[in-house]
Amino acid sequence: MQVTFETPDQPDVHALIAELDAYLYSLYPPENVYALDIASLLAPNVEFAVARDAGGSAIGCAAVVVTPEYGEIKRMYVRPMARGQGLARKLISALEEKARAQGCSVFMLETGPTMPEALALYERMGYKHRGAFGDYPEDPLSVFMQKVVA
């Protein structure tokens with residue numbers, strides 16, 4: 001499995017993001033899903049990583065939106081058949097490394113409380129719980145986390 005930085009505007013990546021959206025909307029009401037669309041993922045301050053299997057199929061993705069204050073992890077998803085192999089960790093590490101090269105040392109994310117695997121991964125990677133940030137409202141269906149790197 002390899003992780004590379006690619007454009008999200010590819011048919012197999014669209015399918016991956018559609019799977020992520022279907023999953024999120026099965027767990028949360030639409031007003032609690034803060035997903036970036038493809039056009040937003042194409043913004044110049046967004047780095048988008050894709051994980052591909054040995055055959056070249058997209059099996060995971062994630063993005064970081066780099067702002068002057070922090071980098072926000074978005075659109076993190078690994079297909080169920082590819083989970084448990086460290087791929088999510090590789091995606092996040094690649095995003096953090098790319099953003100750090102741009103001077104980013106603070107990382108934030110918003111996720112849901114009903115995704116224990118994701119929460120455990122973020123905690124293992126050094127993310128700590130915090131309050132809402134940016135334009136997010138405080139909400140029981142949101143969990144906010146932050147990581148500061150040296």
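Here are a few notes on the sheet, the helices packed on it and the largest pocket of this predicted model.

1. Start with the sheet. It is open, has seven strands with mixed pairing, and runs in the order S1-S2-S3-S4-S5-S7-S6. The edge places go to S1 (2–5) and S6 (128–130); each has a single partner strand, so one side of each lacks a neighbour in the sheet. On average, neighbouring strands are turned by 30° against each other, if you ignore direction.

2. Next, one strand pair worth a look. S4 (residues 71–78) pairs with S5 (residues 106–111) in the parallel sense, over three bridges. Within this pair, glycine 71 sits opposite phenylalanine 107 of S5.

3. Now the helices. H1 (residues 11–27) packs on the sheet and touches S2 (46–52), S3 (58–66) and S4. The direction of H1 makes about 95° with that of S4. H3 (residues 87–100) packs on the sheet too, touching S1, S2, S3, S4, S5 and S7 (143–148). The direction of H3 makes about 30° with that of S3.

4. On to the largest pocket, which holds about 790 Å³ of space. Its lining counts 35 residues, and Met76, Tyr77, Met115, Ala118 and Tyr122 lie nearest the centre.

5. Which element gives the most to that lining? S4 does, with seven residues. At least two residues each come from H1, S4, H3, S5 and H4 (116–124). So much for where the lining comes from; by class, it has 21 nonpolar, six polar and eight charged residues.

Technical notes
Residues are numbered from 1 along each chain as its sequence is written. This is a predicted model: local features need pLDDT of at least 70, side-chain atom pairs count only at pLDDT 80 or more; totals for chains, interfaces and linings use all residues. Side-chain values use heavy atoms; hydrogens and water are left out. Two strands pair if DSSP finds at least two bridges between them. Helices (H or I, at least four residues) and strands (E, at least two) are DSSP runs, numbered from the N terminus. Axes are lines fitted to C-alpha atoms, for helices over the stretch in contact, and angles run from 0 to 180 degrees between N-to-C directions. Contact means heavy atoms within 4.5 Å. On a 1 Å grid over the protein atoms alone, a cavity is a set of points where a 1.4 Å probe fits but cannot get out, and a pocket is an open set with protein on both sides within 12 Å along at least five of seven lines; lining residues have an atom within 4 Å of a point. Grid points are joined across faces, edges and corners, and a volume is the space filled by probe spheres set on the points. Ala, Val, Leu, Ile, Met, Phe, Trp, Tyr, Cys and Pro count as nonpolar, Asp, Glu, Lys and Arg as charged, and the others, Gly among them, as polar.
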